[in-house]
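Hi there,

Here is the structure I promised to pass on. Have a look at it first, and then read on for my notes.

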Amino acid sequence: MYALVDCNNFYCSCERVFAPQLEGRPVVVLSNNDGCAIARSEEAKALGIQMGTPAYLLEAEFKQYNVAVFSSNYTLYGDMSDRVMKLLAGFVPQVEIYSIDEAFLDMHDMPFANLLELGMTMRNTVRQHTGIPTTVGIAATKTLAKMANRYAKKTRRDIGVFWAANASLVQEMLQFSEVSDIWGIGPQHTLFLRRQGFRTAADFIKAPDDWVRTNMSVVGLRLLHELRGIPAIEWELEPPPKQHICTSRSFGKLQTHLADIKEALCNFMAVVAQKLRRQQSAAKSLQVFLKTHPHRTDLKQYNAAIVVDINPATNSTPELIKYAVKGLEIIYRPGYWFKKCGVVAMELVPEGQVQQSMFDVTDRQKSKQVMDAMDRINKSLGKDTVRMAVQGYEKRYRLRAAHLSPCYTTNYEQILKVN
């Protein structure tokens with residue numbers, strides 16, 4: 001058996017943990033730069049607020065219905081997610097973190113006869129220790145567990161747990177679920193299946209194997225087996241290394257000066273470099289891009305990108321910043337107001353398999369020791385405690401975050417004070 005534990009309206013729930021007076025009040029969390037609604041409480045959904053709606057179009061609703069609005073606080077959400085995942089790991093032999101608010105739990109060979117009771121215990125424990133509400137779906141495969149989780153949200157809101165313990169309960173869940181609700185079935189396959197007469201998951205599991213393989217490839221066949229209760233999706237204890245790593249941001253306000261854009265790009269490059277070292281990879285090339293605001297038709301438009309080769313491949317922050325700045329200086333044009341810039345590390349290779357150059361004069365061992373020391377200090381004392389001078393401190397490009405909540409769990413100066 002597998003379980004899929006999902007944190008309900010996670011970003012909104014994190015904000016409510018430290019502001020309990022928001023219980024029962026509509027809550028919306030906005031994307032970077034306070035752009036669009038990316039998380040909504042159940043009360044906000046009931047008002048008809050749609051995911052991805054620009055914030056400026058919702059101002060009237062926010063005021064009329066007294067909606068609590070927050071800027072994205074990813075530091076807080078990441079720490080709360082880590083706490084939830086560590087609690088879940090104490091109940092089962094293995095946990096596969098699927099996203100910031102979801103995890104698969106391996107329940108095979110568990111010493112508990114009643115998995116429904118275990119699911120409720122996990123849910124209550126997470127709520128007690130973190131304040132985050134969750135929903136638990138338990139079934140024989142990952143795909144069925146994902147479906148059981150959704151079924152619990154729709155039909156078992158009182159207990160928040162559904163265990164597809166027998167064929168009857170599985171069939172009940174399959175008949176309730178539309179083909180569009182099946183994990184892994186996208187819009188195109190949904191339209192195709194509906195045209196072929198498949199309406200529910202119960203209809204789809206009756207499809208012939210050869211037909212599914214021909215029309216939906218081996219991926220669709222794996223999905224079909226999962227719905228029939230045959231595990232076909234491998235267990236991933238650690239996510240596979242990324243093939244490319246990108247960091248980009250829109251500026252809080254339009255930028256025209258090269259120095260300000262360079263400061264932003266250097267900070268983005270430092271983030272990418274840290275991620276490369278974390279997965280023990282090195283980049284053989286970088287793409288640097290720069291964009292104006294596409295909706296400001298009153299301003300001149302200019303979008304540019306360049307790929308810079310790196311020899312030998314590296315994950316050293318100062319080296320990567322040097323290459324990124326070189327690319328920026330080539331594509332930058334004065335007289336334009338820029339909205340966004342970013343950098344993509346490409347052609348990634350394991351850091352232990354980098355092809356060295358006979359003309360390379362850099363002390364690679366010393367560089368690695370410096371980067372390791374910097375990462376340890378920043379992990380212990382806080383992000384960017386040690387940084388490259390070119391990263392600066394002013395951050396005039398920073399994102400708009402007019403509704404940002406404190407980092408209650410990671411910053412001593414912002415710890416919640418109780419009178």
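Against which helices do the buried residues of α10 pack? They pack against α6, α7, α8 (187-195) and α9 (201-204). Before I go further, please keep in mind that this is a predicted model.

The buried residues of α10 in question are V212, M216, G220, L221, L223, L224, E226 and L227. One of them, M216, is also the centre of a kink of about 130° in α10. You can see the bend in the end-to-end length too: helix α10 covers residues 209-227, and a straight helix of 19 residues would span 27 Å at 1.5 Å a residue. Between its end C-alpha atoms, α10 spans only 12 Å. After α10 comes G229, with a positive phi near 90°.

Two of the partners of α10, namely α6 and α7, also pack against each other. Helix α6 runs over residues 142-155 and helix α7 over residues 167-176; their axes are 10 Å apart and the packing angle is about 75°. An angle of 65 to 115 degrees counts as roughly perpendicular, so α6 is roughly perpendicular to α7. On the α6 side, the contact is made by L144, M147, A148, R150, Y151, K154 and T155. From α7, the residues they meet are E172, M173, L174 and F176. Sorted by type, the residues of this contact are seven nonpolar, one polar and three charged.

Now for some backbone details further along the chain. In strand β11 (residues 303-314) you will find P312, and the peptide bond leading from N311 to P312 is cis, with omega near -5°.

Two residues other than glycine have a positive phi and deserve a look. For E347, phi is near 50°; this residue sits in strand β12 (residues 338-350). For D384, phi is near 65°, and the residue belongs to the segment after α13 (364-381).

Are E347 and D384 buried or exposed? E347 has a relative accessible area of 44%, so it is partly exposed. D384 has a relative accessible area of 17%, and because buried means under 20%, D384 is buried.

If you open the model with α10 in view, I would begin at M216, where the kink is centred, and then turn to the contact of α6 with α7.

Best wishes

Note on methods. Residues are numbered from 1 along each chain as its sequence is written. This is a predicted model: local features need pLDDT of at least 70, side-chain atom pairs count only at pLDDT 80 or more; totals for chains, interfaces and linings use all residues. Side-chain values use heavy atoms; hydrogens and water are left out. Axes are lines fitted to C-alpha atoms, for helices over the stretch in contact, and angles run from 0 to 180 degrees between N-to-C directions. Helices (H or I, at least four residues) and strands (E, at least two) are DSSP runs, numbered from the N terminus. Angles under 35 degrees count as roughly parallel, over 145 as roughly antiparallel, 65 to 115 as roughly perpendicular and the rest as oblique. Contact means heavy atoms within 4.5 Å. Ala, Val, Leu, Ile, Met, Phe, Trp, Tyr, Cys and Pro count as nonpolar, Asp, Glu, Lys and Arg as charged, and the others, Gly among them, as polar. The expected span of a helix is 1.5 Å times one less than its number of residues. The bend at a residue is the angle between axes fitted to the seven residues ending there and the seven starting there. Buried means under 20% relative accessible area, exposed over 50%, partly exposed in between (1.4 Å probe, protein chains only).
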